[in-house]
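Visitor: I'd like to talk through the charged side chains in this one. Can you walk me through them?

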Amino acid sequence: MIKAIIFDCYGVLIGDGWLDFKARHFSDDDEKRELVETWGRMVDAGIKRHDEFISQMAEIIGITPSEVQAEMDKRSVNDQLFDFIEQKKSDFKIGFLSNAGRDRTVELFGEDRMKLFDQVVLSYQVGVVKPQPEIYQIMLERLNLLPDECIFVDDQLDYCRGAQALGINTVHFQGDVKNTIIQIEEIIRNA
């Protein structure tokens, strides 16, 4: 029986400004893209400070740190998924699991929406990032549930695979909210 639905943040609950930023500035330079992705993982794991990361990217690109931050902040909230979460909140625990270099959850979603989540696990706070198994295990422990009692929704296929390796049901979000909800409902029915 499914008892929880866990959502990724960037690319699922909100547009992913980081992916758009990398595509815009590093799509034709594999070496620089790999470098900034490494830095990004270091920020997500709490090893590198966010402001240092922004400054280093600004230097590579040749724009100001505030311009880098403004580009990365161009995101839109997925209101349809939040409506779905509100509908499911009374029947399921709701988790929030994200690779994040800092906590901007209230700033991005507001206090009322953040109250919808029973547990929030941010990579920089726990020192591990998706798809490392430990981050999923931390969420399972906090929800006090078994892997097969949960559904994890993420836009990154590798992160879904990381959750699947532990026995968590997954939905690969590909931008189609209606299809994602259908997939979640199907897993709930068949569990």
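Guide: Sure, let's start with Asp-79, which is partly exposed (between 20% and 50% relative accessible area, where buried is under 20% and exposed over 50%, with a 1.4 Å probe and protein chains only), its own relative accessible area being 40%. A caveat on the source: this is a predicted model, where local features need pLDDT of at least 70, side-chain atom pairs count only at pLDDT 80 or more, and totals for chains, interfaces and linings use all residues. Residues are numbered from 1 along each chain as its sequence is written, and side-chain values use heavy atoms, with hydrogens and water left out.

Visitor: Which residue forms a salt bridge with Asp-79?

Guide: Here a salt bridge means a side-chain nitrogen of Lys or Arg within 4 Å of a carboxyl oxygen of Asp or Glu. For Asp-79, the closest N and O atoms are 2.8 Å apart, and the partner is Arg-113.

Visitor: How many residues apart in sequence are the parts that Arg-113 and Asp-79 tie together?

Guide: Helices here are DSSP runs of H or I with at least four residues, strands are E runs of at least two, and both are numbered from the N terminus. Arg-113 sits in helix α7 (residues 111–114) and Asp-79 in helix α5 (residues 79–88), so the parts tied together are apart in sequence by 34 residues.

Visitor: And Lys-3 with Glu-149: which of the two is buried?

Guide: Those two form a salt bridge, with the closest N and O atoms 3.1 Å apart. Lys-3 lies in the segment before β1 (4–7) and Glu-149 in the loop between α9 (133–143) and β4 (150–154), so the pair ties together parts 146 residues apart in sequence. Lys-3 is partly exposed at 35% relative accessible area. With a relative accessible area of 13%, the buried one is Glu-149.

Visitor: Which residue forms a salt bridge with Asp-118?

Guide: Asp-118 is partly exposed, with a relative accessible area of 34%. The closest N and O atoms of the pair are 2.8 Å apart, and the partner is Lys-89.

Visitor: Where does Lys-89 lie?

Guide: The pair links distant parts of the chain, 29 residues apart. Asp-118 is in the loop between α7 and β3 (119–122), while Lys-89 is in the loop between α5 and β2 (93–98).

Visitor: Last one: how many salt bridges does a search of the whole structure find?

Guide: We've covered a few pairs, among them Lys-3 with Glu-149. Searching the whole structure, the count of salt bridges is 13.
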